[in-house]
Amino acid sequence: MFALEIENLKKTYASGLQALRGIDLSVEQGDFFALLGPNGAGKSTCIGIISGLVNKTGGSVRIFGHSIDDQFLLAKSMLGSVPQEFNFNTFEPVEEIIINQAGYYGVPARVARQETERYLKQLGLWQHRRSQARRLSGGMKRRLMIARALVHKPRLLILDEPTAGVDIELRRSMWDFLETINQQGTTIILTTHYLEEAERMCRNVAIIDEGSIIQNSSMPALLQQLNSETFVLYLRHEIERVPELPSFDQIELLDRNSIEVEVPESLTINDLIGELESQHIVVQRMRNKVNRLEELFVKMTAKSDRSSFA
Amino acid sequence: MLRQFWIAYLTITRKEIMRFTRIWVQTIFPPVVMVALYFIIFGNLIGQRIGQMDGMSYIDFIMPGLVMMSIITNSYANVVSSFYGAKYSRHIEEMQVAPVPNLVILLGFVTGGVARGISVGFAVTLVSLFFTEFSVHNSLIVLLVALLTSSLFSMAGLINAIFANSFDDISIVPTFVLTPLTYLGGIFYSIKLLPEIWQQVSLANPILYMVNSFRFGFRGTSDIDLATALLVILGFNAVLFIVSLFLLQRGVGIRQ
C-alpha cells in the first residue's frame, strides 16, 4: 500500500508562477523518502498541498488511499507535518502547544498529556515544558515542532528541513530519533539541503526542479549514476606544480600540500594512489570533496542562472 | 468522529479563554475602568442635570447600553486580535493541518469571543452596582441578547481578521465603524428625542436594536419593538455565520 500517491499535481499561484507542473509521485508505506530540490523548486508547495495549507490547481493526492479532496478529515488524521518555518504561538508554554495540537486531532486530554510527556522526554525538552516557546533555542524549537507533529501518532510524517540551523551533534541525535520512528513503522518524507542527511537515512529519493520531478528512484540506483567522484588529497610533502598523472585529467593544485582529483567510474582509488606513488608523492589523508549525492544533485539541477548571486 | 470534533472544539475554546484570561490586565480590566468613568461622568455628574429619560434616571437609562457597548467591543476585539495574531505568526496552521472542520474552528473562536464579551459585560454590571440599583425586567431577554450580540460581533471580528493584512487593518473597523455606530446606537439617548428624519436614519444602525432589546431586558422599555429587534439580531447572526464559514472554507487570507 502507498502512504502517499500524487498524480498530475499542479499549482499555479495568483501571481502566475507555475510552482508545480503536473508531478506524479508514490511513496510506499514504511519508506524513508527524500524529496530534494533547489530553492524554489516546488518542494514546499507540494508539502503545503499535502498538508492542506495550499490549494492545488489540479491533480490528486491520496494519503493511505484517502483523497485530500473527498476524505480530507481521514487523510489529515494520518498525517503529521513539520514545516520549514516556526509556526507555533511563541507566547504559549511548550507543553500547552503539544497538548493543544493533540486536542485538534481529537486525542483525549489524558492521552494527550501522556504522549506529550513521552515525546518531550525523548526529544530532551521535558525540563523546558513550562517555558514559553519563544525562550527556546533554535534547535529546541525544531524539536518542539517534531514532538508536536508526532503527538497524534501519524502514519505519515513529512519533515520540511527539520535540521536547518541545528548544530551537528543535535542533528545526529535527531537522525537517530527519526530512524527509530521509521523503524517503528512511520513513513517519513524528508526535504533537506543537507544531502548527507538524505543519503544516510533515505531509501528512496525524488528530485524536483522547476516544478517537475526530474529523478525518482532508490538511493543506491541514483548514486550509481554518478560517473565520477572528486577527492581532495592531503600530501605529506609539498609540491610545486600539478603532478602529471596519465590516467587522470581533472587535477587541481589547491595549495602546496593538497590537490583535488576527479576519479572516473572506470578507475579506482588504488589506481590514483599508485600513479602518485610512482612520482614519489605520498598521500597522508584524503576525503570526498562533497558527498556523492550532493555531487549528483548539483549536476542534475545545475542551471546557468543559479550559478551566481547576480 | 463527533467526539473527535467535540474535543477539538473544547481545545480551541479553552485556548481562546486561556489567552484572554492570562492577560486579564489588558483584556478585562481596561473596559471596566472605562465604563466606571462613564458612570461617574455621564451618570453621576452630567446625568443629574439631565434629569429623567424614558421615565427613569439618566444613569439607569445608560446602564444597559454601557454594558452592551462593553460586550460588543470586547467580543469583537477578542476574535479579531486572536485570529489575526494566529494568521500573522502562522500558528493558525496548527488547526489547518489537523482534521478540524472549519465549522469547529468558527465555533471555537466565536465561543472565545462570547466568553470574553460576557465576562466583561458581567464585570461592568458589577461595577454599575456602585452607581445604580440592580433590577432586571426579564433575565432571559438579557441573557439571550447578550449571547446573540457577542456571537454576532465575534463573527464580525473574525471576518475583519480574515481580510486584514496588517495590524492597522484590525483597528480601522473598530475605530471608524464600530465606535461611531455604538455611540449613535441609542446608548446615551432615546431616539424619540431625535427629529423624525434622524429617527428613520437611526433605524439603519443594527446596534440600536441590540441596545434597545438589552435595555428592555433590564428596564422593560425600548424604542424598538422587541420581536423586531430580536429578528434583526438573529438575521445578522445568520448572515455573518454563512459569510464566515464560506470564507474559512475558501481559505481566504489563510490558504494560498
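Axes here are lines fitted to C-alpha atoms, for helices over the stretch in contact, and angles run from 0 to 180 degrees between N-to-C directions. Residues are numbered from 1 along each chain as its sequence is written, and chains are lettered from A and ligands numbered from 1 in the order in which they are written. The model is predicted, so local features need pLDDT of at least 70 and side-chain atom pairs count only at pLDDT 80 or more, while totals for chains, interfaces and linings use all residues.

**Exercise 1. Work out how α4 and α10 of chain B pack.**

Step 1: get the geometry. Helix α4 (residues 58-88) and helix α10 (residues 206-219) of chain B meet at about 125°, and their axes are 9 Å apart. Helices (H or I, at least four residues) and strands (E, at least two) are DSSP runs, numbered from the N terminus.

Step 2: classify the angle. It makes α4(B) oblique to α10(B); angles under 35 degrees count as roughly parallel, over 145 as roughly antiparallel, 65 to 115 as roughly perpendicular and the rest as oblique.

Step 3: add the hand. The crossing of α4(B) past α10(B) is right-handed. A crossing is left-handed if the near helix is turned anticlockwise from the far one by less than a right angle, and right-handed if clockwise.

Step 4: look at the residues in contact (C-beta atoms, placed from the backbone, within 7 Å). Those from α4(B) include B:Met63, B:Met68 and B:Ile72, and those from α10(B) include B:Phe214 and B:Phe218. The contact splits into 9 nonpolar, 1 polar and 3 charged residues. Ala, Val, Leu, Ile, Met, Phe, Trp, Tyr, Cys and Pro count as nonpolar, Asp, Glu, Lys and Arg as charged, and the others, Gly among them, as polar.

**Exercise 2. Do the same for α7 and α11 of chain B.**

Step 1: helix α7 (residues 139-163) and helix α11 (residues 226-250) of chain B pack at about 30°, with axes 9 Å apart.

Step 2: α7(B) and α11(B) are therefore roughly parallel to each other. Their crossing is left-handed.

Step 3: α7(B) contributes residues including B:Leu148, B:Leu152 and B:Ile159, while B:Phe236, B:Leu240 and B:Phe241 are among those from α11(B). Sorted by type, this contact has 15 nonpolar, 4 polar and no charged residues.

**Exercise 3. Describe the side of chain A that touches chain B.**

Step 1: count. 23 residues of chain A are in contact with 20 residues of chain B.

Step 2: find the contributors. α2 (72-77) and α3 (94-104) of chain A each give two or more residues to this side, and α3(A) gives the most, with 4 residues.

Step 3: sort them. The chain A side holds 9 nonpolar, 12 polar and 2 charged residues.

**Exercise 4. See how the two domains of chain A meet.**

Step 1: chain A has domain 1 (2-224) and domain 2 (228-298), with bounds from an automatic or database domain assignment. Their C-alpha centres lie 39 Å apart.

Step 2: 8 residues of domain 1 of chain A contact 6 residues of domain 2 of chain A. On the domain 1 side, α7(A) gives the most, with 4 residues. That side has 6 nonpolar, no polar and 2 charged residues.

**Exercise 5. Check the confidence of each chain.**

Step 1: pLDDT is the predictor's confidence in each residue, from 0 to 100. Chain A averages 88, with 96% of its residues scoring at least 70; chain B has a mean of 91, with 100% reaching 70 or more.

Step 2: spot the weak stretch. Residues 304-310 of chain A have pLDDT below 50.
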